[in-house]
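Student: I would like a close look at one part of this model, with the cut-offs stated once as they come up. After that, please place the part in the rest of the chain.

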Amino acid sequence: MPISRPVDVLSLRQARRVALGAQGLDRRRPVLGSAITMRHLQQVVDRTGLLQIDSVNVLARAHLMPLYSRLGAFDPTLLDRASGTAPRRLVEYWAHMASYVPPSTYRLLEWRQRQYRVEAWGAISGVELAHSGVVVEIRDLIAARGPMTASQVHELYAVDHPRTRTEWGWNWTVAKRALEFLFFTGVVTSARRNAAFERCYDLTERVLPPAVLAAPPIADDDAVRALVEISARAHGVGSLRCLADYFRLRPAPARQAVDELVEEGVLLPVQVTGWDRDAYLHADARRPRRATARTLLSPFDPLVFERRRLEELFGMRYRIEIYVPAAQRVHGYYVLPFLLEEGLVARVDLKADRADGVLRVLAAHGEDGAPAQTPVELAAELRELAGWLGMDRIEVAAPRRGDLAATLAAALDVGEADLGRSLAYDGSIRPLGRG
């Protein structure tokens, strides 16, 4: 039987540091100018378990930001190599939404492919019946021609299946829906992304490393249990809801997996001060005595995924306001929490204006209890970010929005210098935003 009582009690500060340690956010990034290699990227992936993908590019692609938050200035082509050249270290699938995952984790998600009728949404699950012939044709087309984008495939089907503006599903073409059905069911995957960030679809058997392909299928229960353990490692400590959310698992199978991992001693039931529900500590979780990081976190950072956990651990009530009408937004369009040591002390609405070479601060808000040095530390962080993005300067928008905006602008003015000196690029690294 699972252990029914907590075996340990964590204070809120202890739980916070455990969470930061599990994500590699308890310590400063490598110093400016450090050579960031594939080994460093792999270490981040090993900790986080996945990198969420999102198309919003107002600042930087979602999957790049968690790497930057933990590594600082890194060459984005490292991720291109990891996900687009053999043997791949990362492949795409539906994990926490669309994500990059290690190939071994892709195999743990095959139960989702088998259960596509209930796991996929209607625009995908209905394709098999509505366009079964097209699905077979497109599969054969990819097999014959190799990697193709949805737009390339659509060109071949546009006459018989023109694009419409009346159906739900991001106005996907029939070709795109068929490709997404093949992607969800594991027949094809992304061999790479092109310059426009479009998937280049290829047969999955030609993308996954041979050793991963050769491994036997994994039973559903075993796969879910392994996914929950990955989630628990990435959390350090979390509730059932936290552990299930990381890979978008349903509560019942996640509950069974947690109970089994408790029985095996992989998860330890704990009580977190102030939490009104059971929590679980991974047996190998570090317990840092202090946290020293300073970094910005994207809205799609793994630390930010589960909003209730974020609020209970850090006191920050965070919501993405991208889809909120501009006049109704509280904090802004693309708002990044600012981590300073062990606290989320501020949030900033940022935009990389690539045409003008400006990192624009559209709003800046301090959190309750933010330390006095927050504006100075945030200004230093923005200079590093601007350098990585290839921006020439930073501007705080007028009129000032947010209680931190004026003091942040002053801190930026005091420390203003050539941003090219704020980041020690070597010749092999291209600033992200303006290449």
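Where does R248 lie?

Tutor: R248 lies in the loop between α15 (240-245) and α16 (251-263); helices are DSSP runs of H or I of at least four residues, strands are runs of E of at least two, and both are numbered from the N terminus. The model is predicted, so local features need pLDDT of at least 70 and side-chain atom pairs pLDDT 80 or more, while totals for chains, interfaces and linings use all residues. Residues are numbered from 1 along each chain as its sequence is written, and side-chain values use heavy atoms, with hydrogens and water left out.

The backbone at R248 has a positive phi of about 55°, although the residue is not a glycine. R248 is partly exposed at 35% relative accessibility; buried stands for under 20% relative accessible area, exposed for over 50%, and partly exposed for the range in between, with a 1.4 Å probe and protein chains only.

M97 is another non-glycine residue with a positive phi, here about 60°. M97 belongs to strand β4 and is partly exposed, with a relative accessible area of 40%. Strand β4 covers residues 97-101 and runs antiparallel to β2, joined by two bridges; two strands count as paired if DSSP finds at least two bridges between them. Opposite Y100 in β4 stands L51. The open sheet here has three strands in the order β2-β4-β3, with antiparallel pairing. β2 (51-52) and β3 (91-95) are at the edges with a single partner strand each, so each has one side without a neighbour in the sheet. In the loop between α4 (77-84) and β3 is P87, which is joined to A86 by a cis peptide bond with omega of about -10°. A second cis peptide bond, between A398 and P399, has omega of about 0°; P399 is in the loop between β14 (393-396) and α19 (405-414).

Positive phi values also occur at two hairpins. Strand β11 (residues 335-340) pairs with β12 in the antiparallel sense over six bridges, and P337 faces R347 across that pairing. Two residues separate the strands of this hairpin, where E341 has a positive phi near 60°. On from β12 (residues 343-353), strand β13 (residues 358-366) runs antiparallel to β12 with eight bridges between them, and A346 is opposite G366. The hairpin of β12 and β13 has four residues between the strands, and G357 there has a positive phi near 70°. Nine of the 11 residues of β12 are buried.

Helix α12 (residues 174-184) has 11 of its 11 residues buried, so the rest of the structure largely encloses it. The buried set of α12 includes the charged-type residues K176, R177 and E180 along with L179, F181 and F183. After α12 comes G186, with a positive phi near 85°.

T48 lies in helix α2 (residues 38-48) and counts as buried at 0% relative accessibility. Leaving out residues up to four places away in sequence, T48 touches Q23, R70, A234, Y246 and P302, where a contact is a pair of heavy atoms within 4.5 Å.

Now the whole chain. The protein has 19 helices and 14 strands. Its radius of gyration is 23 Å, which agrees with the value near 22 Å for a compact globule of 435 residues; the radius is taken over C-alpha atoms, and the globule rule is 2.2 Å times the number of residues to the power 0.38. The C-alpha trace spans about 65 × 60 × 45 Å along its principal axes. Of the 435 residues, 56% are buried. Among contacts between residues at least 6 apart in sequence, 69% join residues at least 24 apart. The accessible surface comes to about 19,100 Å², with 51% belonging to carbon and sulfur atoms; areas come from the Shrake-Rupley method with a 1.4 Å probe, and for residues only the protein chains shown count as cover.
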